[in-house]
Amino acid sequence: MKTTKTFTRPRSKKPSSKDLPAEEQHAKDPAERENSSPTDEAPLYTLVPVSVLRCALFGVGIDGDEVTDFTPVIVDRRLTGAEIRYKGPYLNQDHLKLWQACIFLARETVGLNGDQFIVTNFADLLRLSGRSTGDSRQYRRTWKLLKDLGSAEVEISTSRVNYFGRLILEAVYDKATGKTVIQMSQYLKQFMSNETLSNDMLRLAGLGKDQLASWLHNYYASQKEPPELTVSEIKELSGSKLDLPRLRQRIKAAMGKLKGGIRPLVLDWKLDKKTDTLFVKKAATTVDMRAAEAAAAAAFARRMAAEAKNRERAKKSFKTQAEHNRPGRGVVL
């Protein structure tokens, strides 16, 4: 069993709240102020399956209803053709941030081979998922999120693999030593060998409690060329319960956040009033879609071959009028 190293780094000194304008002093709670700008540190990247970032598996609500039976999840299939079914507690962007933090720590230690790994500093899990390390409630909240991930069951089918399993197999916290032991499935390694995003965890963590901004970050970061989405499509794909006018305002605020910071993801954006469509220009991200693209190319080649074969059959079955009038064999003239 291997142990994770500590990923807490010193930050550059920031002005105290007394140095801020009055309206900014009360803009965020203390937990958000502490972790609101981790982008002043060098980025940390971890792999995340593209399929789970383009759907409502990890939603944008603070809470929601438990899914008691395997239920299809609405997925943007325009590139991956992925299908997802889910059973378990409601998952939101807090769960996603913690799950990718676990993926990162597992890859750093045991390489996602299914072995258990030890997190010596539980604060690393909080910090990597954008939570305050100075609030004991955040430790209890993060443990609850881990338990949710341990009971979350998914069926994911992509262009290259079918995967079934729990997002986390098990976790145990030793109260005497403060160490946490976590185990993830060995098959995640195969599942994440392609069709993945190298996600900037600290940039995502810097979005704080904004669920919609986090979802939009992950959706657009997972795209090489951002598609044009209507507000209705964003509502459906993210699982938002807001009505369209309120969602429209939230999207505008979220896009402003994604355009800010030291490592902005969004370079420019426009929400067209006539079509209610969001247009986005983004910074480069590392998205590995070789398998999906190869599968799409192979499917296209098969379709072209089938059409050519059908045309050949049609040629052979077609007869001119002279051929129809020609006597058959055995006919005596």
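Two strands are taken to pair if DSSP finds at least two bridges between them. With that in hand, the sheets of this predicted model can be described. Strands of a sheet pair through backbone hydrogen bonds, either parallel or antiparallel. Here, an open sheet is built from 4 strands in the order 3-4-6-7, and the pairing is antiparallel. Its edges are strand 3 (67-73) and strand 7 (162-166), each of which pairs on one side only. From one strand to the next, the twist averages 10 degrees.

At one end of this order, strand 6 (residues 153-157) and strand 7 run antiparallel and are joined by 5 bridges. A convenient landmark for anyone following along in the structure is E153, whose bridge partner in strand 7 is R166.

A further antiparallel pairing involves strand 2 and strand 10 (residues 196-200), again with 5 bridges between the two. Here Y45 has D200 of strand 10 as its bridge partner. Strand 2 (residues 45-49) is largely enclosed by the rest of the structure, because 4 of its 5 residues are buried.

Turning to the helices, helix 4 (residues 93-109) and helix 6 (residues 136-151) pack at an angle of about 80 degrees, with their axes 10 Å apart. Angles of 65 to 115 degrees count as roughly perpendicular, so helix 4 is roughly perpendicular to helix 6. On the helix 4 side, the contact is made by D94, H95, L98, W99 and C102. These meet R141, T142, L145, L146, D148 and L149 of helix 6. Sorted by class, the contact of helix 4 with helix 6 has 6 nonpolar, 2 polar and 3 charged residues.

Helix 9 (residues 211-221) and helix 10 (residues 231-238) offer another crossing, at roughly 100 degrees, where the axes come within 12 Å. Helix 9 and helix 10 are therefore also described as roughly perpendicular to each other. In this contact, W215, L216 and Y219 of helix 9 meet I234, L237 and S238 of helix 10. The residues involved divide into 5 nonpolar and 1 polar, with no charged residue in the contact of helix 9 with helix 10.

Two of these helix 9 residues, W215 and Y219, also take part in the aromatic pairing of the structure, which holds 7 aromatic pairs. The ring centres of W215 and Y219 lie 5.2 Å apart and their planes make an angle of 15 degrees, so the pair is stacked; the cut-off for a stacked pair is under 30 degrees between the planes. How are W215 and Y219 separated along helix 9? They are 4 residues apart in the helix, which means a separation of about one helical turn. Since residues under 20% relative accessible area count as buried, W215 is buried at 1% relative accessibility. Y219 is likewise buried, at 0% relative accessibility.

Y219 has a second ring partner in Y220, and this aromatic pair is edge-to-face, with 5.2 Å from centre to centre and 90 degrees between the planes. Both Y219 and Y220 are buried. Y219 thus appears in a stacked pair with W215, in an edge-to-face pair with Y220 and in the contact of helix 9 with helix 10. Elsewhere in the sequence, ring pairs link F122, Y139, W143 and Y173 into a cluster.

Terms used. Residues numbered from 1 in each chain as written. Predicted model: local features only at pLDDT ≥ 70, side-chain atom pairs only at ≥ 80, totals over all residues. Heavy atoms only, no water. Axes fitted to C-alpha atoms, helices over the stretch in contact; angles between N-to-C directions. Parallel < 35°, antiparallel > 145°, perpendicular 65-115°, else oblique. Contact = heavy atoms within 4.5 Å. Nonpolar A, V, L, I, M, F, W, Y, C, P; charged D, E, K, R; others polar. Phe/Tyr/Trp six-rings, centres within 6.5 Å; stacked < 30°, edge-to-face > 60°. Buried < 20%, exposed > 50% of the residue type's maximum accessible area, 1.4 Å probe, protein only.
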